[in-house]
Amino acid sequence: MAKRQASMAYVVLAVCTGLNIVSRGIAESFAVFLLPLSTAFGASRSETTLAYAAFMLVLGLCSPLTGWAVDRFGPKLVYRVAIALCAMACLCASVAPSLAMVYVSIGLLLPFGVSGMGTIAASNLVSRWFTAGLSSAMGLLAAALGTGILLFAPLSQALIERLGWRMAYASLAGLLAVIWLLQFVLPWQTMSAEAASKAAQNPLEQGKGLSLAAVMQVALRERLFWALFGVMFVTSVSTYAVTVQLVAYLVSAGLDPLHAAWVFGATGLASIGGMLAAGHLARRWGEVGVARVSYSATVLGLLALALFQHWPSIGLLIAYVLLFGTMQGSRGPLVAVLAARGFAGAHQSTMYGLVLIGMGFGGALGSWASAALFDWLESYTPMMILSALAAVSGYLIFWRMKAWNEA
């Protein structure tokens with residue numbers, strides 16, 4: 001019996017990770033579509049990036065709704081609707097007659113799908129099957145971001161060069177349609193079974209009938225909620241201020257688009273190791289220790305990237321990939337574990353969704369602000385300064401949380 005439960009636990013983890021890889025891979029590949037879209041519609045960098053900024057904003061805002069839907073209707077229905085929405089978004093983008101339609105498809109429709117296919121439903125399922133290994137399992141889920149970038153950035157660039165950006169989006173829609181059909185064969189009833197007890201207690205344990213508004217009121221009174229919200233906000237500012245403009249920046253520095261896409265993908269590859277290690281190292285060093293290393297590496301990676309525009313060399317790119325890329329998203333597993341343990345209970349997914357509003361706000365601000373700074377100053381240096389300042393702020397929040405625990 002125990003062996004069968006262990007096998008099903010890994011099936012659940014594999015399915016959730018795979019769906020997360022696809023959803024985030026397609027979403028983050030917008031960095032590859034940025035220049036083709038800007039050229040096709042004769043738009044400025046900030047106007048085009050506004051589609052991704054809207055995506056991040058809506059992704060954050062709809063996260064509590066996704067969490068509530070998972071708690072209310074279960075992961076199966078949420079996943080089915082989400083995959084269909086992602087497919088529709090890519091299909092609509094492929095036939096967009098104007099940039100406004102791109103805003104609707106990528107900025108409004110896609111985030112609802114990505115939210116449903118992402119870590120909210122996944123953390124709900126995975127936390128049922130893992131207890132002692134929850135940190136490592138959450139690290140693997142978070143690594144889906146890097147894996148998605150690694151797989152879908154070069155794939156999207158190759159599709160764009162071969163078929164054009166419209167057919168590239170249409171091809172991604174076709175892939176999602178196939179996945180939507182395949183998910184009907186999954187053993188959802190078994191996957192959704194309660195396989196692990198949750199010992200943690202929180203103010204929501206006794207309120208299984210709470211509405212979304214009531215859960216929000218509880219969250220607003222929780223110091224842990226605001227700390228995790230703040231971490232997700234500033235970390236997203238730091239990350240997305242750079243990643244959305246990375247391909248364009250590297251092209252401006254002399255790389256051809258496909259090689260730039262591969263560098264973008266390589267940062268995703270590097271992030272896998274950092275995300276997987278974050279949960280494990282947190283048990284040995286503590287969250288603050290991991291945060292100190294993580295944010296310091298981010299700043300050093302930004303320095304290497306800034307120097308590349310003046311002294312193009314493979315060494316600086318490798319340093320950026322290893323330092324910034326490895327730490328990209330490594331804070332996500334820490335937040336996911338703290339949220340799963342701190343808010344365990346009937347409304348766990350809703351609470352985690354509320355925390356992810358911070359990610360959406362930060363991603364929207366970081367991606368749009370970096371593009372606006374480029375349009376204004378015609379330089380990529382301000383976006384790197386913005387990213388570094390946000391990274392320092394993230395460490396300070398972790399340091400403050402440690403002070404609370406020691407008080």
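Which residues form one aromatic cluster with Tyr 52? The cluster consists of Phe 30, Tyr 52, Phe 55 and Tyr 240. This tour of a predicted model reaches that cluster by way of the helices around it.

**The whole chain**

Begin with the protein chain in cartoon representation. The chain has 17 helices and 0 strands. Colouring by accessibility is a useful next view: of the 407 residues, 57% are buried. Among contacts with a separation of 6 or more, 86% join residues 24 or more positions apart.

**Stop 1: helix α1 and Leu 13**

Select residues 2–28, which are helix α1, and display the side chain of Leu 13 within this helix. Leu 13 has a relative accessible area of 7% and is therefore buried, the cut-off being under 20%. Now add Val 126, Phe 130, Ala 137, Leu 140 and Leu 141; Leu 13 touches each of these, residues up to four places away in sequence not being counted. For Leu 141, draw the C-alpha to C-alpha distance to Leu 13: the two are 7.7 Å apart in space, although 128 residues separate them in sequence.

**Stop 2: helices α2 and α3**

Two packed helices are described by the angle between their axes and the distance between the axes. Select residues 30–41 for helix α2 and residues 45–73 for helix α3. Their axes come within 10 Å and cross at roughly 140 degrees. The helices α2 and α3 are therefore oblique to each other, and α2 passes α3 in a right-handed crossing.

Display the side chains where the two helices meet. On the α2 side these are Phe 30, Leu 34, Leu 35, Leu 37 and Ser 38, and on the α3 side Arg 45, Thr 48, Thr 49, Ala 51 and Tyr 52. By class, this contact has 6 nonpolar, 3 polar and 1 charged residues.

**Stop 3: the aromatic rings**

Return to the aromatic cluster by selecting Phe 30, Tyr 52, Phe 55 and Tyr 240. Phe 30 and Tyr 52 were also part of the contact between α2 and α3.

How many aromatic pairs does the count give? The total is 15. One of them joins Tyr 52 and Phe 55: the ring centres are 5.5 Å apart and the planes stand at 35 degrees, so the pair is tilted. Tyr 52 and Phe 55 are 3 residues apart in helix α3, and therefore about one helical turn separates them. Both residues are buried.

For another geometry, move to Phe 225 and Trp 226. Their rings form an edge-to-face pair, with 5.2 Å from centre to centre and 70 degrees between the planes. Phe 225 counts as buried at 4% relative accessibility, whereas Trp 226 is partly exposed, with a relative accessible area of 44%.

**Stop 4: helices α3 and α5**

Keep α3 in view and add residues 99–117, helix α5. The axes of α3 and α5 come within 8 Å and cross at roughly 30 degrees. These two helices are therefore roughly parallel to each other, and α3 passes α5 in a right-handed crossing.

The α3 side of this contact includes Ala 51, Ala 54, Phe 55, Val 58, Leu 59, Cys 62 and Thr 66. From α5, the residues to display include Leu 99, Val 102, Tyr 103, Ile 106, Pro 111, Phe 112 and Ser 115. The residues of the contact divide into 17 nonpolar, 6 polar and 1 charged.

**Stop 5: helices α3 and α6**

Next, select residues 119–129, helix α6. Helix α3 and helix α6 pack at an angle of about 35 degrees, with their axes 9 Å apart. Here too the crossing, in which α3 passes α6, is right-handed. Ser 63, Thr 66, Gly 67, Val 70 and Asp 71 of α3 make the contact with Ile 120, Ala 121 and Asn 124 of α6. By class, the contact of α3 with α6 comprises 3 nonpolar, 4 polar and 1 charged residues.

**Stop 6: Thr 66**

Is Thr 66 buried or exposed? Thr 66 is buried, with a relative accessible area of 8%. This residue of helix α3 takes part in the contact with α5 and in the contact with α6. To complete the view, display Val 78, Ser 115, Gly 116 and Ile 120, with which Thr 66 is in contact when its neighbours within four places in sequence are left aside.

Methods:
Residues numbered from 1 in each chain as written. Predicted model: local features only at pLDDT ≥ 70, side-chain atom pairs only at ≥ 80, totals over all residues. Heavy atoms only, no water. Axes fitted to C-alpha atoms, helices over the stretch in contact; angles between N-to-C directions. Helix = DSSP H or I, 4+ residues; strand = E, 2+ residues; numbered from the N terminus. Parallel < 35°, antiparallel > 145°, perpendicular 65-115°, else oblique. Left-handed = near helix turned anticlockwise from the far one by under 90°. Contact = heavy atoms within 4.5 Å. Nonpolar A, V, L, I, M, F, W, Y, C, P; charged D, E, K, R; others polar. Phe/Tyr/Trp six-rings, centres within 6.5 Å; stacked < 30°, edge-to-face > 60°. Buried < 20%, exposed > 50% of the residue type's maximum accessible area, 1.4 Å probe, protein only.
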